[in-house]
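Good morning, and thank you for joining this session. I would ask everyone to look at the sequence and the structure before I begin.

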Amino acid sequence: MFRKCRLYLLVFLELVSVNEALNNGLALTPPMGWLTWQRFRCITDCEKYPDECISEALIKRTADIMLDEGYLEAGYNYVGIDDCWLEKERDDNGRLVPDRNRFPNGMKAVADYLHEKGFKFALYQDYGNKTCMGYPGVLDHEETDIQSFVDWDVDYIKLDGCYVDTAKMDDGYPYFGKLLNQSGRPMVYSCSWPAYQKKPDYASISHHCNLWRNWDDIQDSWSSLSKIMNWFAENQDDFAKYARPGQWNDPDMLLVGNFGLSLDQAKVQMAVWSVLAAPLLMSVDLKTIRPEFKEVLLNKDIIAIDQDSLGKQGLRVWNKSNCEIWNRKLSDGSYAIAFVNKRDDGTPYAVKVSFDTMRIPKQTYEVQDLYKEEQPRSVGPEVDFETRINPSGVKFYKFIPKSSNDVNTAT
Ligand SMILES: *[C@@H]1O[C@H](CO)[C@@H](O)[C@H](O)[C@H]1NC(C)=O
Ligand SMILES: *[C@@H]1O[C@H](CO)[C@@H](O)[C@H](O)[C@H]1NC(C)=O
Ligand SMILES: *[C@@H]1O[C@H](CO)[C@@H](O)[C@H](O)[C@H]1NC(C)=O
């Protein structure tokens, strides 16, 4: 009898603790920063590729540039190491060991360097037996590894999902989150949990993670970017509503400045990601990035859309003839509206749409072009809104309601 009671009590306590929200007060706006993976992958040969290998030198060089060239000031404050930072074996005490050649001073030294410059430190691990690239994962070492993250002053953990039984993730990710909480060190918790599941439980995921990778890894091409945009649009009803301060859907890293996107295509990603309230995680060689791409990453007006304090994720609201409209409502009553042209006929494509089509209230707006290619204009609901969009390009506007005197109250 007593045993049975105790069992019920244990089950009850377990349920209570697993149901606790993450509630760590972090990521009140989508995280911004820089991460190694998309550009630098698993380059570990520092003799052959000294400027590209995953190493302390790469992290320091990047942080220096981010500080000196205005990225930190623009909001990109997390600097992160993705996979391939580990030795292949744990030490005799079962602890993770950073690669001895590439991180000769260990991870605490990396954290100190970043913290001194005003950055925060993000680090990758994996919930499984191994990381995706085959380094030791956290499974069965959760407490030891979280202690290492605490000892190293880590501020953000990206927890991937290779080599895990996907059915176990629904308990495993909350369990790891609970241990993170108990560690006492506030760490942003980025979960790859839904990306590995067919029918993710977003209510639970959003409850336990600060951000979560919904779907496939992004690759350095327009076709990969288009596929992710399509998937996010087609499935938006399943998860957009869970985005809010402290919890974000993550369509993956920014490709901006790398090899695969034209300037117009890079502008599409920056615009749509900010409508999606997506994390803005660059992954590019900031030493060699071309100035026009840097300008896209540092566009303050677009960053402000992404970071809007309302934290409401935007939606694709229209899709016709390979043109799309994406709409995000902002905290000041404005709307961010992106027109994306996925056509490949060689001239800018003209569209003419009503306010209903754009899903904005019928009132008078001042319309600002966030890429500053056009002068601001005043528009009212009497006339359809017209614009022209480059092939695989975007027109990105902020529709700001004019003062109430001008407003036509009909919606
Ligand atoms: C992880 O390793 C354990 C112990 O070696 C093994 O039993 C289990 O099947 C592995 N799990 C996966 C998903 O590979
Ligand atoms: C742990 O959770 C509690 C309750 O939700 C919260 O107040 C606290 O800030 C969290 N601590 C950390 C380190 O995440
Ligand atoms: C809308 O977009 C999807 C891709 O998300 C595409 O497959 C579909 O054909 C489009 N529909 C129209 C009417 O253009």
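I shall speak about the sheet and its helices, and then about the surroundings of the ligands.

Please keep in mind that this is a predicted model.

Let us begin with the sheet. Six strands form an open sheet, and their order is 9-10-11-16-13-14, with antiparallel pairing. Strand 9 and strand 14, the latter spanning 377–379, are the edge strands, each of them paired on one side only. From one strand to the next, the twist averages 25 degrees. As a general remark, the strands of a sheet pair through backbone hydrogen bonds, in either a parallel or an antiparallel manner.

At one edge, strand 13, residues 365–369, is joined to strand 14 by three bridges, and the two run antiparallel. Within this pair, Tyr365 stands opposite Val379 of strand 14.

Which helices pack on the sheet? Helix 9 does so, touching strand 9, strand 10 and strand 11, and its direction makes about 60 degrees with that of strand 10. Helix 11, residues 263–275, also packs on the sheet; it touches strand 9, strand 10, strand 11 and strand 16, and its direction makes about 40 degrees with that of strand 16.

I now turn to ligand 3. The residues around this ligand are Asn230, Glu234, Arg316, Asn319, Lys320 and Ser321. By class, that shell holds three polar and three charged residues, and no nonpolar ones. A polar side-chain atom of Glu234 lies 2.6 Å from an oxygen atom of ligand 3. For Arg316, the corresponding distance to an oxygen atom of the ligand is 3.2 Å, and for Asn230 it is 3.4 Å. On its own, ligand 3 has 360 Å² of accessible area, of which the protein covers 50%. Two elements give two or more residues to this shell, namely helix 9 (222–234) and strand 9 (315–320). The largest share, three residues, comes from strand 9. Strand 9 thus links the two topics, as it is also an edge strand of the sheet.

Next, ligand 2. Around it are Asn23, Asn24, Asn181, Gly184, Arg185 and Pro186. The protein buries 61% of the 370 Å² that ligand 2 exposes when taken alone. Its shell divides into one nonpolar, four polar and one charged residue.

Finally, which residues surround ligand 1? They are Asn129, Tyr163 and Asp165. A polar side-chain atom of Asn129 lies 2.3 Å from an oxygen atom of ligand 1. Taken alone, ligand 1 exposes 360 Å², and the protein buries 31% of that.

Terms used:
Residues numbered from 1 in each chain as written. Chains lettered and ligands numbered in written order. Predicted model: local features only at pLDDT ≥ 70, side-chain atom pairs only at ≥ 80, totals over all residues. Heavy atoms only, no water. Near = heavy atom within 4 Å. Areas by Shrake-Rupley, 256 points an atom, 1.4 Å probe, with all protein chains shown as cover. Nonpolar A, V, L, I, M, F, W, Y, C, P; charged D, E, K, R; others polar. Polar contact = N/O pair within 3.5 Å; in protein donor to acceptor, adjacent residues only side chain to side chain. Helix = DSSP H or I, 4+ residues; strand = E, 2+ residues; numbered from the N terminus. Pairing = 2+ DSSP bridges. Axes fitted to C-alpha atoms, helices over the stretch in contact; angles between N-to-C directions. Contact = heavy atoms within 4.5 Å.
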